[in-house]
Amino acid sequence: MEADPSTPPEAETGYTGAAVAGAALATVFFPFIALIAALLLQGGQSDARKKAQLRTWAWVSGGWMVFWAIILVVLANVGGGSAGSVSRTGPCEGGPKMGSAATQIPGRTNEFLQPCAFGGSQTITMPSTP
């Protein structure tokens, strides 16, 4: 069976499987570089199918970076704890907490309790006025 010589062979459009696999690996391990490469290659591409593939590659690379940025922010918030979880018992760690108000110790006119930045608290004695 011979091919009909009157019809020209179709030109392959799009990237091959090896190029797509390379792009996928680059996206997973180097998303920023993959995003830049996809955008630069897309600018000089005239084949519509290849241009669409490069656009998809750029979107996936950007989305992968955003995904990991969100994961890092969530982990930083969960792992770092909140200011409410700092123990206020024990010695002062990190110096007085900036912007916090000292509370007067009941029964003592010139002594105040000040919370510390990384835990504990300190007693501040104010000089008595004559």
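## The β2–β3 hairpin

In this predicted model, Gln114 sits across from Gln122, a residue of β3. A second cross-strand pair to look for is Leu113, whose bridge partner in β3 is Thr123. Both pairs belong to the stretch where β2 and β3 run antiparallel, joined by 5 bridges.

Now follow the chain around the turn. The hairpin of β2 and β3 has 5 residues between the strands, and Gly119 there takes a positive phi near 135°.

## The rest of the sheet

Zoom out a little and you have an open sheet of 3 strands, ordered β1-β2-β3 with antiparallel pairing. The edge positions go to β1 (103–104) and β3 (121–125); each has a single partner strand, so one side of each has no neighbour in the sheet. As a general reminder, strands of a sheet pair through backbone hydrogen bonds, either parallel or antiparallel.

How many bridges join β1 to β2? There are 2, and these strands run antiparallel, with β2 covering residues 111–115. On that side of the sheet, Gln104 stands opposite Phe112 of β2. The hairpin of β1 and β2 has 6 residues between the strands, and here Gly107 is the residue with a positive phi, near 85°.

## The overall layout

Stepping back to the whole protein chain, you get 3 helices and 3 strands. Reading along the sequence gives the pattern α-α-α-β-β-β.

A few totals help set the scene. Of the 130 residues in the protein chain, 16% are buried. The accessible surface comes to about 9,800 Å², and carbon and sulfur atoms account for 67% of that surface. If you take the contacts with a separation of 6 or more, 44% of them are between residues 24 or more positions apart.

## A nonpolar core among the helices

Which residues make up the largest nonpolar core? There are 7 of them: Ala23, Ala34, Leu35, Ala38, Leu54, Trp57 and Ala58. Helices α2 (31–43) and α3 each supply at least two residues of this core.

Ala34 is a handy place to start exploring. Leaving out neighbours within four places in sequence, Ala34 is in contact with Ala26, Thr27, Trp57 and Ser61. One of these, Trp57, is listed in the core alongside Ala34.

## Two more residues on α2

Ala37 is also part of helix α2. Is Ala37 buried, partly exposed or exposed? Its relative accessible area is 27%, so Ala37 counts as partly exposed. Although Ala37 and Ala58 are 21 residues apart in sequence, their C-alpha atoms are 8.2 Å apart in space.

Gln42 is another residue of helix α2. This polar side chain might catch your eye, because Gln42 counts as buried at 14% relative accessibility. The cut-off for buried is under 20% relative accessible area. Not counting residues up to four places away in sequence, Gln42 touches Lys51, Leu54 and Arg55. Leu54 turns up again in the list of core residues.

## Aromatic rings on α3

The structure holds 3 aromatic pairs. In one of them, Trp64 and Phe67 are stacked, with 5.5 Å from centre to centre and 20° between the planes. Both residues lie in helix α3 (residues 48–80), where they are 3 residues apart, about one turn of the helix. Phe67 also pairs with Trp68: the ring centres are 5.3 Å apart and the planes are at 75°, so this pair is edge-to-face. Taken together, ring pairs link Trp64, Phe67 and Trp68 into a cluster.

How much of each residue in this cluster is accessible? Trp64 has 28% relative accessibility and counts as partly exposed. Phe67 counts as partly exposed too, at 39%. Trp68, with a relative accessible area of 42%, is likewise partly exposed.

## A charge over a ring

One last spot to look at involves Lys50 and Tyr15. How far is the charged end of Lys50 from the centre of the Tyr15 ring? The charged end of Lys50 sits over that ring, 5.1 Å from its centre.

Definitions and conventions: Residues numbered from 1 in each chain as written. Predicted model: local features only at pLDDT ≥ 70, side-chain atom pairs only at ≥ 80, totals over all residues. Heavy atoms only, no water. Phe/Tyr/Trp six-rings, centres within 6.5 Å; stacked < 30°, edge-to-face > 60°. Helix = DSSP H or I, 4+ residues; strand = E, 2+ residues; numbered from the N terminus. Buried < 20%, exposed > 50% of the residue type's maximum accessible area, 1.4 Å probe, protein only. Lys NZ or Arg CZ within 6 Å of the ring centre and 35° of its normal. Core = buried A, V, L, I, M, F, W, Y, C linked by side-chain atoms within 4.5 Å. Contact = heavy atoms within 4.5 Å. Pairing = 2+ DSSP bridges. Areas by Shrake-Rupley, 256 points an atom, 1.4 Å probe, with all protein chains shown as cover.
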